[in-house]
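User: Could you take a close look at one helix for me and show how its surroundings are put together? I would like one connected account that starts there and works outwards.

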Amino acid sequence: MATKILMVCLGNICRSPLAEGILQSKLDPTQFQIASCGTSNYHIGKKPDQRSINIAKHYNIDISLQKAAQFTAQHFDRYNHIYAMDNENYTNIIKLARHQEDKNKVQLILNESHPQQNLDVPDPYYGGDQGFEEVYQLLDEACTHIVKKLVL
Ligand code: 4NP
């Protein structure tokens with residue numbers, strides 16, 4: 001059965017759609033299913049922020065067809081690994097955990113590339129285009145580490 005991985009940020013329009021697209025581009029879709037969602041309900045049903053669509057397109061990744069969804073406890077049942085983009089979202093995901101097995105699935109994504117540092121992927125929503133380039137590079141590096149771990 002395919003391994004299922006969920007990327008989670010606040011709005012599911014900037015960071016986690018990029019993380020989904022980047023990781024998907026590095027893995028075999030018959031073996032891995034990647035999705036994303038947000039801890040908030042702010043943008044449910046919307047496509048990613050145009051600045052995320054643009055930076056992904058610049059690196060030949062199409063995220064334009066994604067639709068924002070909100071994280072719920074049911075996601076713990078459907079996914080093997082849940083990556084939070086920052087500490088605030090990590091805390092809000094953990095609050096919805098029903099038992100230790102749920103909690104064990106959740107990690108900060110940048111701990112893959114920067115172990116034990118508990119770094120945040122900065123929220124680029126209120127900034128300029130440069131923030132999206134920085135987010136892209138951080139997520140690309142983290143996803144490269146995730147792939148190395150998953151594909152033996
Ligand atoms: P994201 O960025 O969590 O990376 O999707 C944000 C998107 C929207 C808002 C905040 C962060 N917002 O406040 O609407």
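Analyst: Of the 12 residues of helix 1, 9 are buried, so this helix is largely enclosed by the rest of the structure. Bear in mind that we are looking at a predicted model. The buried residues of helix 1 are Arg15, Ser16, Pro17, Leu18, Ala19, Glu20, Gly21, Ile22 and Leu23. Their packing partners are strand 1, strand 2, helix 2 (50–58), helix 4 and helix 6 (129–150). The geometry of helix 1, residues 15–26, is easy to check: at 1.5 Å a residue its 12 residues should span 16 Å, and the end C-alpha atoms are 17 Å apart, which agrees.

Now to the ligand, where Arg15 turns up again. An N or O atom in the Arg15 side chain is 2.7 Å from an oxygen atom of the ligand. Asn12 contributes through its backbone, with an N or O atom 3.3 Å from a ligand oxygen. His43 has a polar side-chain atom 2.9 Å from an oxygen atom of the ligand. The residues surrounding the ligand include the run Cys9, Leu10, Gly11, Asn12, Ile13, Cys14 and Arg15. Also around the ligand are Tyr42, His43, Asp123, Tyr125 and Tyr126.

His43 deserves a moment of its own. This histidine is found in the loop between strand 2 and helix 2, and at 15% relative accessibility it counts as buried. Since the cut-off for buried is under 20% and leaves out everything but protein chains, the ligand plays no part in that label for His43. Leaving aside neighbours within four places in sequence, His43 is in contact with Gly11, Ile13, Ala68 and Tyr125. Of these contacts, Gly11, Ile13 and Tyr125 are also among the residues that surround the ligand.

Next comes the sheet, to which two of the packing partners of helix 1, strand 1 and strand 2, belong. Its 4 strands form an open sheet in the order 2-1-3-4, with parallel pairing. Strand 2 (32–38) and strand 4 (106–108) are the edge strands, each pairing on one side only. On average, neighbouring strands are turned by 25 degrees against each other, direction ignored. Helix 4 (residues 87–95) packs on this sheet and touches strand 1, strand 3 (81–84) and strand 4, its direction making about 170 degrees with that of strand 4.

We can walk across the sheet pair by pair. Strand 1 (residues 3–9) is joined to strand 2 by 7 bridges, and the two run parallel. Within that pairing, the bridge partner of Lys4 is Gln33, and Ile5 stands opposite Ile34. Although strand 2 sits at an edge, 6 of its 7 residues are buried, so strand 2 is largely enclosed by the rest of the structure. Strand 1 also pairs with strand 3, again in the parallel sense, over 4 bridges; here Met7 stands opposite Tyr83. Strand 3 is joined in turn to strand 4 by 3 bridges, running parallel, and Ile82 stands opposite Val106.

Helix 6 takes us back to where we began, as helix 1 is among the elements its buried residues pack against. The others are strand 1, helix 2 and strand 3. The buried residues of helix 6 are Phe132, Val135, Tyr136, Leu138, Leu139, Ala142, Cys143, Ile146 and Val147. Its 22 residues, at 1.5 Å each, should span 32 Å; the end C-alpha atoms are 31 Å apart, which agrees.

Finally, two loop residues are worth a look if you check backbone torsions. Most residues other than glycine have a negative phi. Asn60 has a positive phi of about 65 degrees although it is not a glycine. Asn60 lies in the loop between helix 2 and helix 3 (74–78) and is exposed, with a relative accessible area of 74%. Asn118 also has a positive phi, of about 55 degrees, and is not a glycine either. Asn118 is placed in the loop between strand 4 and helix 6, and at 42% relative accessibility it counts as partly exposed.

Methods. Residues numbered from 1 in each chain as written. Predicted model: local features only at pLDDT ≥ 70, side-chain atom pairs only at ≥ 80, totals over all residues. Heavy atoms only, no water. Pairing = 2+ DSSP bridges. Axes fitted to C-alpha atoms, helices over the stretch in contact; angles between N-to-C directions. Contact = heavy atoms within 4.5 Å. Expected span 1.5 Å × (residues − 1). Buried < 20%, exposed > 50% of the residue type's maximum accessible area, 1.4 Å probe, protein only. Near = heavy atom within 4 Å. Polar contact = N/O pair within 3.5 Å; in protein donor to acceptor, adjacent residues only side chain to side chain.
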